[in-house]
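Hi everyone, thanks for making the time. I'd like to walk you through a structure that's probably new to most of you, so let's get it up on the screen.

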Amino acid sequence: MVELKKWYELPIGCTNIEPGSSLRNLTASWRTFTPVVDKSKCTKCCLCWVFCPEGAIELEEDGSIKINYLYCKGCGICANECPPRAITMKR
Ligand code: SF4
Ligand code: SF4
């Protein structure tokens with residue numbers, strides 16, 4: 001029979017010992033598909049910026065968007081949410 005442990009007897013798992021260290025973790029290495037923006041179709045609605053779960057889309061001074069390919073994981077949510085279909089996922 002397995003002896004169940006109390007929560008305080010369990011080993012410590014994931015611990016963030018240094019806030020802000022995620023900037024050093026270049027998550028783009030996981031990417032298979034890359035979002036590519038057709039600027040001629042982009043209406044600068046910023047919905048992709050709102051929906052990107054990684055914060056990998058940056059806003060430029062003129063309101064256009066720029067994808068930070070160091071952190072984009074290629075999930076495709078931005079392409080799915082873009083109303084004029086200005087973003088295409090390329091392998
Ligand atoms: S593919 Fe995903 S992670 Fe990359 S910019 Fe679009 S929403 Fe963000
Ligand atoms: S969602 Fe599409 S149209 Fe809107 S800012 Fe992003 S790329 Fe441009």
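I'll start with the overall build, then go to the two ligands, and finish with a handful of single residues.

One thing before anything else: this is a predicted model.

Okay, the big picture. What elements does the chain have? There are 2 helices and 4 strands. If you trace them along the sequence, the order comes out as β-α-β-β-α-β. How spread out is the chain? Its radius of gyration is 19 Å, while the globule rule gives 12 Å for 91 residues, so we're looking at something more spread out than a compact globule. You can get a feel for that from the box that the C-alpha atoms fill, which is roughly 65 × 30 × 20 Å along the principal axes.

What about burial? Of the 91 residues in the chain, 23% are buried. The accessible surface adds up to about 7,200 Å², and carbon and sulfur atoms account for 57% of that. And a note on contacts: take those between residues at least 6 apart in sequence, and 64% of them link residues at least 24 apart. Keep that one in mind, as we'll meet a couple of pairs that sit far apart along the chain.

Now the ligands. Which residues surround ligand 1? The shell includes four cysteines you can pick out on screen, namely Cys52, Cys72, Cys75 and Cys78. Around them you'll also find Pro35, Pro53, Glu54, Ile57, Lys73, Gly74, Gly76 and Ile77. Sorted by class, that shell is 8 nonpolar, 2 polar and 2 charged residues.

Over to ligand 2. Here the surroundings include Cys42, Cys45, Cys46, Cys48 and Cys82. The other neighbours are Thr43, Lys44, Ile65, Pro84 and Ile87. By class, ligand 2 has 8 nonpolar residues in its shell, with 1 polar and 1 charged.

Let's stay with one of those cysteines for a moment. Cysteine 46, which is in the shell of ligand 2, sits in the loop between S1 and helix H1, and that helix covers 47–51. Its phi is positive, about 70 degrees, even though cysteine 46 isn't a glycine. Is it buried or exposed? Its relative accessibility is 18%, so cysteine 46 counts as buried, the cut-off being under 20%.

There's another residue with that kind of backbone angle. Arginine 85 isn't a glycine either, and has a positive phi of about 55 degrees. You'll find arginine 85 in the loop between H2 and strand S4, which runs 87–90. At a relative accessible area of 47%, arginine 85 is partly exposed.

Next, valine 36. Where is it? Valine 36 belongs to strand S1, residues 34–37. Leaving out anything up to four places away in sequence, valine 36 touches Tyr69, Ala86, Ile87, Thr88 and Lys90. Ile87 should ring a bell, since it's one of the residues around ligand 2. Valine 36 itself is partly exposed, at 34% relative accessibility. And here's one of those pairs I promised: valine 36 and glycine 74 are 38 residues apart in sequence, with their C-alpha atoms 10 Å apart in space. Glycine 74 is part of the shell around ligand 1.

The other pair involves leucine 26, in the segment before S1. Its C-alpha is 9.4 Å from that of lysine 73, and the two are 47 residues apart along the chain. Lysine 73 is also in the shell of ligand 1. Setting aside residues up to four places away, leucine 26 touches Leu70 and Tyr71, and leucine 26 is partly exposed at 42%.

Quick stop at asparagine 68. It's in the loop that joins strand S3, 65–67, to helix H2, 77–81. Asparagine 68 is buried, with 18% relative accessible area. Beyond its neighbours within four places in sequence, asparagine 68 is in contact with Ala56 and Glu58.

Last stop, the aromatics. How many aromatic pairs does the structure hold? Just 1. Tryptophan 7 and tyrosine 8 form that pair, edge-to-face, with 5.5 Å between centres and 85 degrees between the planes. Both residues count as exposed: tryptophan 7 at 70% relative accessibility, and tyrosine 8 at 54%.

That's the tour. Happy to go back to any part of it on screen.

Terms used. Residues are numbered from 1 along each chain as its sequence is written. Chains are lettered from A and ligands numbered from 1 in the order in which they are written. This is a predicted model: local features need pLDDT of at least 70, side-chain atom pairs count only at pLDDT 80 or more; totals for chains, interfaces and linings use all residues. Side-chain values use heavy atoms; hydrogens and water are left out. A residue is near a molecule or strand if one of its heavy atoms lies within 4 Å of it. Ala, Val, Leu, Ile, Met, Phe, Trp, Tyr, Cys and Pro count as nonpolar, Asp, Glu, Lys and Arg as charged, and the others, Gly among them, as polar. Buried means under 20% relative accessible area, exposed over 50%, partly exposed in between (1.4 Å probe, protein chains only). Contact means heavy atoms within 4.5 Å. Rings of Phe, Tyr and Trp (its six-membered ring) pair if their centres lie within 6.5 Å; planes under 30 degrees apart count as stacked, over 60 as edge-to-face and the rest as tilted. The radius of gyration is taken over C-alpha atoms; the globule rule is 2.2 Å times the number of residues to the power 0.38. Accessible areas come from the Shrake-Rupley method with a 1.4 Å probe; for residues, only the protein chains shown count as cover.
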